[in-house]
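The following paragraphs are intended to be read beside the sequence and the coordinates. They begin with confidence, proceed through the sheets, and end with individual residues.

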Amino acid sequence: MSPSKLMLCFAVLSVPQVEVEVDSGVESVQLPFNTTLHLPEDAKVEWRDKNNRKVHVYENGSDQPEIQSQRYRDRTNMNEDLLKTGDLSLTLKYPTDGDNHTYTCTIYSKEGNILLKRKVELKVRVPQVEVDSGVESVQLPFNTTLHLPEDAKVEWKENYRSYNNRKLHVYENGSDQPEEQHQFYRDRTKMNEDLLKTGDLSLTLKYPTDDDNWTYTCTVYSREGNILLKRKVELKVRVCLVEVEEGAESVQLPCKTTENLPEDGRVEWERIEPKPLIMVHQYKNGSDQPHRQHQVYRDRTKMNEDLLKTGDLSLTLKHPTERDSGRYRCDVVRNGVIRRKTVQLTVKGRVQVQDQTGDIRNRSSSIDPTPLMADQSV
């Protein structure tokens with residue numbers, strides 16, 4: 001083997017893997033690769049991801065965008081005169097956690113022989129926001145120093161395929177576009193004024209519940225529809241926990257949301273765990289529907305007046321016992337669920353114990369509740 005070939009083999013083996021870590025929402029990230037090796041003018045440079053998709057190809061003295069994977073189209077850039085300078089770094093625009101791959105850059109000779117190879121692992125962090133159920137609002141943060149055009153469009157969406165990426169909030173033509181929101185988020189979102197000037201693209205979500213536990217994506221588009229910026233934020237809302245001792249006169253399962261819900265909306269409280277699922281309380285057509293209740297809850301539940309106007313959908317459960325312990329869900333339904341909240345209720349039983357003096361005393365217990373039997377349903 002000639003000395004030159006030995007040198008090339010050594011170069012391939014000596015290039016270590018590099019890790020690059022950034023936050024979601026940055027304008028771009030660079031996958032670094034610099035070499036002092038003299039590269040031929042007719043060399044081919046190819047970046048691929050771990051799924052072997054072509055991220056960027058440079059050949060015959062120019063980029064080859066037509067053979068890129070569609071996933072990376074218009075998102076990559078390499079320096080000029082890269083074969084002369086040896087700077088083979090790749091710039092990837094608006095990275096998100098979906099770009100978390102190990103990327104491989106391979107340099108080929110005109111004959112197709114590998115001259116050099118490097119791997120770069122990219123980690124894009126998704127910020128997490130965690131709050132308790134019951135807070136009035138939560139902010140999904142997104143600030144940028146990038147100069148944004150006045151005619152840019154800002155769109156917040158759920159990042160969840162089953163719901164076809166429901167829209168939380170759309171800002172376009174200098175104002176909010178509530179008609180484009182999914183009804184689940186209607187009247188629940190807010191963005192700051194002059195957001196394109198200040199770069200504060202944060203979203204405020206009112207009355208968050210555990211059913212808002214998604215990863216959300218904010219995308220900024222140019223007037224032509226090109227993506228200028230992208231960020232993901234993961235929201236975690238802790239399930240509401242309510243504890244009460246058996247013997248209490250009543251307990252309230254809290255559920256507060258926006259005012260002025262649709263008058264034709266239906267409110268349902270169900271116990272979803274332990275199974276079977278049973279109806280606890282239903283409100284429809286402006287009044288309670290006691291005939292729809294499971295008999296165990298008959299005459300034991302109460303909701304506030306004008307609940308659709310006030311948004312206070314809390315349920316009062318009278319004379320709670322251990323058997324009422326479980327997970328409850330409140331739904332507002334109108335052509336699908338438009339509001340939802342889960343409450344975990346624990347009713348601590350009272351057991352009698354005899355102390356050393358012979359006196360009988362009560363003591364709280366946390367015995368698992370006995371499930372209501374299916375044959376008890378109406």
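**Confidence and architecture of the model**

Over residues 1-14 the pLDDT stays under 50, and the model has nine contacts for this stretch beyond four places in sequence. A second stretch, residues 367-378, also has pLDDT below 50, and has 24 contacts in the model beyond near neighbours in sequence. Where pLDDT is low, the predicted coordinates should not be read in detail. The model is a predicted one; for the chain, the mean pLDDT is 90, and 87% of the residues reach 70 or more.

One sheet is built from three strands in the order β2-β7-β6; this sheet is open and its pairing is antiparallel. At its edges are β2 (28-31) and β6 (76-78), each of which pairs on one side only. From one strand to the next, the twist averages 25°. Four bridges connect β2 with strand β7 (residues 90-93) in the antiparallel sense. Among the bridge partners, Ser28 is matched with Lys93 in β7. Strands of a sheet pair through backbone hydrogen bonds, either parallel or antiparallel.

Another open sheet of three strands follows the order β20-β25-β24, again with antiparallel pairing. Which strands stand at the edges of this sheet? They are β20 (250-253) and β24, and because each has a single partner strand, one side of each is left without a neighbour in the sheet. Neighbouring strands here are turned against each other by 25° on average, direction ignored. Between β24 and strand β25 (residues 315-318), which run antiparallel, there are three bridges. Lys302 has Thr316 of β25 as its bridge partner.

Attention may now pass to the backbone of the loops. The loop between β21 (266-273) and β22 (278-284) contains Pro274, and the peptide bond leading from Glu273 to Pro274 is cis, with omega near -5°. Pro276 is found in the loop between β21 and β22 as well. Lys275 and Pro276 are joined by a cis peptide bond, for which omega is about 10°.

Two further loop residues are notable for their phi angles. Asn285, although not a glycine, has a positive phi of about 55°. This residue is placed in the loop between β22 and β23 (287-288). Is Asn285 buried or exposed? With a relative accessible area of 66%, Asn285 counts as exposed because the value is over 50%. Asp306 likewise is not a glycine, yet has a positive phi of about 50°. Its place is the loop between β24 (301-303) and α4 (307-310). The relative accessible area of Asp306 is 48%, so this residue is partly exposed.

The cysteines complete the survey. A disulfide is a covalent bond between the sulfur atoms of two cysteines. How many disulfides does the structure hold? The number is zero. Cys240 is in no disulfide, and the nearest cysteine sulfur, belonging to Cys255, is 9.2 Å away. A pair of sulfur atoms must lie within 2.5 Å to count as a disulfide, so the sulfur of Cys255 at 9.2 Å does not qualify as a partner for Cys240. Cys240 has a relative accessible area of 11% and is buried. Cys218 likewise counts as buried, at 0% relative accessibility.

How values were computed
Residues numbered from 1 in each chain as written. Predicted model: local features only at pLDDT ≥ 70, side-chain atom pairs only at ≥ 80, totals over all residues. Heavy atoms only, no water. Helix = DSSP H or I, 4+ residues; strand = E, 2+ residues; numbered from the N terminus. Buried < 20%, exposed > 50% of the residue type's maximum accessible area, 1.4 Å probe, protein only. pLDDT = per-residue confidence, 0-100. Contact = heavy atoms within 4.5 Å. Pairing = 2+ DSSP bridges. Axes fitted to C-alpha atoms, helices over the stretch in contact; angles between N-to-C directions.
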